[in-house]
Amino acid sequence: MFITLEGIEGSGKTTQLRYLVEFFEERGNPCVTTREPGGTLIGNKIRSILLDPESKDMDPITELLLYMADRAQHIHSLVKPSLSEGKTVLCDRYFDATLVYQGFARGLGIDLLVQLHKILFNDLKPDLTILLDLPPGVGLARAWNQLNNGQRSGGESRFEEETLAFHAKVRAGYLELARLEPDRFRIIDAVQDEKHVRDTIREVLLFFLK
Ligand code: TMP
């Protein structure tokens with residue numbers, strides 16, 4: 001099973017991913033946790049270029065191709081082999097992030113990205129996508145807090161430095177994707193505190209796994 005977590009900056013994906021691991025481990029279900037960008041050694045190098053605030057002049061096509069390069073390495077060396085071994089793959093961001101950040105917010109459009117995903121990755125889609133939704137002002141304040149208190153590296157702040165309008169587009173993009181694919185997406189209110197969000201996700205998973 002392939003499960004992804006999505007959401008704007010500061011939505012709490014990384015924390016919730018840890019709770020997801022607990023959920024699956026309690027059930028004796030082997031799982032692999034990973035992320036995009038940066039789920040592989042090569043991907044981590046690509047990640048540092050992508051998130052470096054010094055890369056602020058990056059062309060949107062360059063950005064797209066770097067995310068896709070990271071994904072190619074990730075799918076071929078980690079995601080597919082793990083799924084073939086019957087493991088559950090829990091991934092912090094995936095193709096939906098490309099659709100909303102590069103497609104909606106950067107304005108590259110959805111059609112090109114959907115076509116590329118079909119051609120390059122055989123349209124590999126998650127079975128379930130958990131969308132942690134919250135207003136961009138709240139998310140960005142949380143994200144900057146983490147950067148300022150050292151919980152996250154300042155070398156990864158390129159997207160946090162984007163405008164509120166950019167993040168509002170990202171959020172709207174995610175909600176639109178969820179509307180288009182209601183069977184795959186579950187929207188979770190991520191304004192709630194961490195434990196509340198964890199419990200809501202657990203309920204969603206219990207229902208989904210039935
Ligand atoms: P994160 O690991 O903290 O979520 O940061 C990853 C950043 O990369 C985040 O700002 C979203 C962005 N991103 C894209 O723009 N396109 C993509 O395809 C992916 C996977 C992430």
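This briefing walks through the ligand site and the nonpolar core of the structure above. The model is predicted, so please read every value below as computed from it. The ligand sits in the largest pocket, and 15 residues surround it.

**Around the ligand**
- Among the residues surrounding the ligand, the closest are Glu 9, Tyr 67, Arg 93, Thr 98 and Gln 102.
- Gln 102 also makes a polar side-chain contact, with an N or O atom 2.8 Å from a nitrogen atom of the ligand.
- Two arginines face ligand oxygen: an N or O atom in the side chain of Arg 71 is 3.3 Å from an oxygen atom of the ligand, and a polar side-chain atom of Arg 152 is 3.4 Å from a ligand oxygen.
- On its own the ligand would expose 480 Å², and the protein buries 95% of that.

**The nonpolar core**
- The largest nonpolar core holds 50 residues.
- Tyr 101, Ile 130, Leu 132, Val 170, Ile 201 and Leu 205 have the most contacts inside this core.

**Tyr 101, a link between the two topics**
- Leaving aside residues up to four places away in sequence, Tyr 101 touches Gly 7, Ile 8, Arg 106, Phe 159, Phe 166, Val 170 and Tyr 174, among others.
- Tyr 101 also touches Glu 9 and Arg 93, two of the residues closest to the ligand.

Note on methods
Residues are numbered from 1 along each chain as its sequence is written. This is a predicted model: local features need pLDDT of at least 70, side-chain atom pairs count only at pLDDT 80 or more; totals for chains, interfaces and linings use all residues. Side-chain values use heavy atoms; hydrogens and water are left out. A nonpolar core is a set of buried Ala, Val, Leu, Ile, Met, Phe, Trp, Tyr and Cys residues joined through side-chain atoms within 4.5 Å. Buried means under 20% relative accessible area, exposed over 50%, partly exposed in between (1.4 Å probe, protein chains only). Contact means heavy atoms within 4.5 Å. A residue is near a molecule or strand if one of its heavy atoms lies within 4 Å of it. A polar contact is a pair of N or O atoms within 3.5 Å; within protein, one must be able to donate a hydrogen and the other to accept it, and residues adjacent in sequence count only if both atoms are side-chain atoms. Accessible areas come from the Shrake-Rupley method with a 1.4 Å probe; for residues, only the protein chains shown count as cover. On a 1 Å grid over the protein atoms alone, a cavity is a set of points where a 1.4 Å probe fits but cannot get out, and a pocket is an open set with protein on both sides within 12 Å along at least five of seven lines; lining residues have an atom within 4 Å of a point. A molecule sits in a cavity or pocket if more than half of its atoms lie within 2 Å of its grid points.
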